[in-house]
Amino acid sequence: MSRGWDWESGEGLLGLDDPEEWDAAFERGEERLGTAVIGLVFHCSLAEVSPRIVKAMQLPDTGQRGFAFTAAGHAARLNGELTPELYAALRAERPGRKSIAVNAIDDTFDYVPFRQLPLWLKRRWAYATVRNKLESWSLRSVDAVWDAWRAVCGRRS
């Protein structure tokens, strides 16, 4: 334990500001590396933290991997960009509606300018936009049919 970072309980890890400390914890096989990488995102440059986020995205613990993807989303929010390694890691996760990477990708859509996105992510953005619009129209039409049905039936229960 150093400078108030408790790897056992995870207390204080969001304040982690030393990439070398994270590397040493990774070598020791510590738990909560995903939590700690979020702290690095808040305190270090994108170039310093990017390789550590990618390592954390490959952890065996699904919960800690989820935190690593959260860190990628925070990196997009704070920096307005991601590194090519982070884009590759997001793509490797096979992003879909139920993917662990979906929130990180959504944050990337929200905070990284469209012109800076890689081509595969631009295509995913277009697909998601069209899908969401079609779902919206579908739900509105179902609501309209249901409202018409209630009006015709006189709100009988």
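Reader: Is the crossing of helix 3 and helix 4 left-handed or right-handed?
Author: This is a predicted model, where local features need pLDDT of at least 70, side-chain atom pairs count only at pLDDT 80 or more, and totals for chains, interfaces and linings use all residues. Residues are numbered from 1 along each chain as its sequence is written, and side-chain values use heavy atoms, without hydrogens and water. Helices are DSSP runs of H or I with at least four residues, numbered from the N terminus. For helix 3 and helix 4, the crossing (left-handed if the near helix is turned anticlockwise from the far one by less than a right angle, right-handed if clockwise) is left-handed.

Reader: How are helix 3 and helix 4 oriented to each other, parallel or antiparallel?
Author: The axes of helix 3 and helix 4 lie 9 Å apart, at an angle of about 155° (from 0 to 180 degrees between N-to-C directions). Angles under 35 degrees count as roughly parallel, over 145 as roughly antiparallel, 65 to 115 as roughly perpendicular and the rest as oblique. Helix 3 and helix 4 are therefore roughly antiparallel.

Reader: How many nonpolar residues are in the contact of helix 3 with helix 4?
Author: L46, I53 and A56 of helix 3 touch Q64, R65, A68, A71, A72, A75 and N79 of helix 4 (heavy atoms within 4.5 Å). Two residues of this contact are polar and one is charged. The nonpolar residues number seven.

Reader: Which residues of helix 5 does helix 3 meet?
Author: Helix 3 (residues 46-56) and helix 5 (residues 84-92) have axes 9 Å apart at about 25°, so the two are roughly parallel. Their crossing is left-handed. From helix 3, L46, S50, I53 and V54 take part, and they meet E85, L86 and A89.

Reader: How many charged residues does the contact of helix 2 with helix 4 have?
Author: The axes of helix 2 (residues 33-43) and helix 4 (residues 62-79) come within 7 Å and cross at roughly 10°, so these helices are roughly parallel. Among the residues of helix 2 in the contact are V37, I38 and V41, and helix 4 contributes residues including F67, A71 and H74. By class, 10 are nonpolar and five polar, and the number of charged residues is no more than none.

Reader: What is the angle between the planes of W22 and F26?
Author: The whole structure holds two aromatic pairs (ring centres within 6.5 Å; planes under 30 degrees apart are stacked, over 60 edge-to-face, the rest tilted). One of them is W22 with F26, a stacked pair at 5.4 Å centre to centre. Because they are four residues apart in helix 1 (residues 19-28), about one helical turn separates W22 and F26. The angle between their planes is 15°.

Reader: In which helix is confidence highest?
Author: The protein chain averages a pLDDT (the predictor's confidence in each residue, from 0 to 100) of 89, and 94% of the residues score at least 70. Confidence is lowest in helix 7 (residues 119-153), at a mean of 89. The highest mean, 96, belongs to helix 3.

Note on methods
Rings of Phe, Tyr and Trp (its six-membered ring) pair if their centres lie within 6.5 Å; planes under 30 degrees apart count as stacked, over 60 as edge-to-face and the rest as tilted. Ala, Val, Leu, Ile, Met, Phe, Trp, Tyr, Cys and Pro count as nonpolar, Asp, Glu, Lys and Arg as charged, and the others, Gly among them, as polar.
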